[in-house]
Amino acid sequence: MTYYGRSANEHVDLHLALRVEGIPYAFVTRTIPGSPSALSGYTQVVCMTGVTEGEAVLDLVERREMAATLDVDMLDTDADLFRTLFASAARPVTWIQTAFTSSDTDLEVQDAAAVSSGDVVYIGDETVVVGTVSGANDWLGCTRGAYGSTARALFGDTSTGDNAYTTPPHWRGRRARLYGYALDGAGTYTETLLGVYLVDESPRHTGGKAWALRLAGIVQEYWERVCGLGVEAATFTGIGTWDFTGASPVIEHPVTDARKFRLSATVDSYVIAQTEFGSGIHKLTAVDLAGNITLAYESSFQTTRAMQATASVGDVRQIAVVQLPGAAGILSVLLSDEGQALSGGDYLPGRPPSESADLGWRLGAALASSEVDSTAFDAITAVPPMTMIIDGERKVTDILREWCFLTGTAVVTTVDGKIKPVPIGSVRGSSATAIGAADIVPEGPIEVIHDEGTVFPILKAQAGYSPITGEFHDEVNLIDADLAKRYRRAPQVFDIELRSIDVWEPPNSGPARPSSGWRHPTRQRASAIVTMLADLMRGAGGARRLVRLSLSHEHLSLRLGDVVVLGTDLPEAFDELPDMRGSTLRGATCRVVARRPRYDQARVDVQLEVMDRLLHVCPAAVISSVASATLTLSTTTPEVPQSGFPANGFYIGAAVRVVDRSSLSGTPVVDSRTIANIPATNQVTLSSAPSFAVQSGVDYVVLDPENSADGTNGDGYQLIELAKLADVDGTAGVNASTDNEPRWR
């Protein structure tokens, strides 16, 4: 296929290839010359006549990517290959006769002669290349997990087993990868992964030799995942036995089915016991598959009644209570497959081969490590201390939405199909893609859209969810008076339930909240929620500014959440077009919030959110003493919390500037550093010691948001006392520079 780029005389030779999981063919628009690595071992079939992708958007209300469909039109030009490959109601040719692990390469089947050596067979989601056919029942030296599929444990016996097919028994749910190939300056075709998708429906015959294949964004698969599968209650079957010999008393209880309970290797395990003496949450300390579970009193939950007597009547079920620092908690929920009968995702959660269903409990959504960008999650450093409760089956989307609200992020997918969080607040990092005049494909007038659809003058949040009562015990109502006046005729109300995640503060940091029969292991405070959800109401100053552009094929790799900078060499239209904040679009920093590839024209249409050019007067603290790189800060209140959520923005990894106040008569001496450690509530350890002699009680340290690439909305930067727009050249006004006295919160 031949495409054209920015101008009529610019020829862009862009070829596409689609590779579907487990299928030995690569569907291409034209034979790709050379030896493209992604197509190695696949048979290229020249068949694609059209590739159309809809618009993917970043939904800031749901805090996630909303993907579009990818429609592929194909023509069967290879001797009716598709008529066989896409055949519906495929019939098995044989079945597996013995249980095998995912690594076994010698397989016993009911009829080995049903296929020949080298043939491809499909068993469940796995594709297997048969090695040698030996005798009546053996396939030897097979290639397991071929063509991008995953090798899984196989089940079978002499009378039944996993069926083997010579044509794919299903298409829906298979992953697909789209690649682009274009000539570089040396005349070589460069290979670029354009995205990972999910086959949404089986191939459709549209007449003659024409077929159509519809794919969905890979996020659709992630959003359907659930946590806490297999949660079912067991019943106490007898009187429990107390054991007072340890540090704390425990009780061993016989139950109807102890297989429903699992001990986790990474987090403590808990159960909800409901007896004639009351309901309580207790720690699960042991599981005896002969029929007993051992429970311990967990004082931090303040639910003792269920353990006050040796109850013989009642139900008990397992829940998850995850408390891990930083992003480790959400990663545990996403990645864990603990409690699964077989490791490695061989079967669905809690489904051993010998049973149709396993009633056991399991923690986590069992996402593979290759499906999660763990580094991007770890880079979100402003994560408040939180408790995650997996009570029953919870959708991944619900848990991630709450986590994103509390961390000022949104979840998108990478080009290779991983989910990752991106900050949605003001951009403070320097890593961005430059968009110059040569990158823009002219198409119609350029305009800035002022979007007020996500402004919420009123916000209602419910928190403090109790899995015992099924009720919320905390309610927070936020009203922004300024926004309420501005939108009094149409005030939008945003409702949110924090059912899976609750925020807490460390012990001894305030008076205890009166117990309502259940509480999390540490004290809660509704005020913390106010700080973290305030960005929901205002966004970037009350409304979003959006601009649509069409970019050349070199930018097909841009993804939702990516940051770009509009260059100063842009056409005059960008200089004259106001950004609605008193400046122009030239040099503006923007975030990609929508994208639609136009493969037939070798370009991509993007919608960019213009970010504020606000320079902050950040929280600052006077230095009372210094020991090498460790600074002790003198403040009326603790400015630097040792642990927990840093409401003022001081946190490990944050960029700071150490200011020599004695030099303010001229150009101030300023050392840029990062916070490497927080040893105490009034101390920070910098990446290196200041270069000048610190004058105690005079010099100060101030946050540096413009250089904190890993900051988020929730790190306190949005809680500014004073902000001033930069001028057209990006120069800060006097009120935003470091030559002023430190401003305190």
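Colleague: How much area does the protein expose, and what share do carbon and sulfur atoms supply?

Modeller: This is a predicted model, in which local features need pLDDT of at least 70 and side-chain atom pairs count only at pLDDT 80 or more, while totals for chains, interfaces and linings use all residues. Side-chain values use heavy atoms, with hydrogens and water left out, and residues are numbered from 1 along each chain as its sequence is written. Accessible areas come from the Shrake-Rupley method with a 1.4 Å probe. The protein exposes about 30700 Å², and the share from carbon and sulfur atoms is 49%.

Colleague: What percentage of the 745 residues count as buried?

Modeller: Buried means under 20% relative accessible area (1.4 Å probe, protein chains only). By that cut-off, the share of the 745 residues is 50%.

Colleague: Which residues touch the most other members of the largest nonpolar core?

Modeller: A nonpolar core is a set of buried Ala, Val, Leu, Ile, Met, Phe, Trp, Tyr and Cys residues joined through side-chain atoms within 4.5 Å. The largest has 63 residues. Those touching the most other members are L18 and F27.

Colleague: In β15, what is the bridge partner of E108?

Modeller: Strands are DSSP runs (E, at least two residues), numbered from the N terminus, and two of them pair if DSSP finds at least two bridges between them. An open antiparallel sheet has the order β11-β15-β14. Here 2 bridges join β11 to β15 (residues 138–140). In β15, the partner of E108 is D138.

Colleague: Which are the edge strands of the sheet β11-β15-β14?

Modeller: An edge strand here pairs on one side only. The two are β11 (107–108) and β14 (132–134).

Notes: Helices (H or I, at least four residues) and strands (E, at least two) are DSSP runs, numbered from the N terminus.
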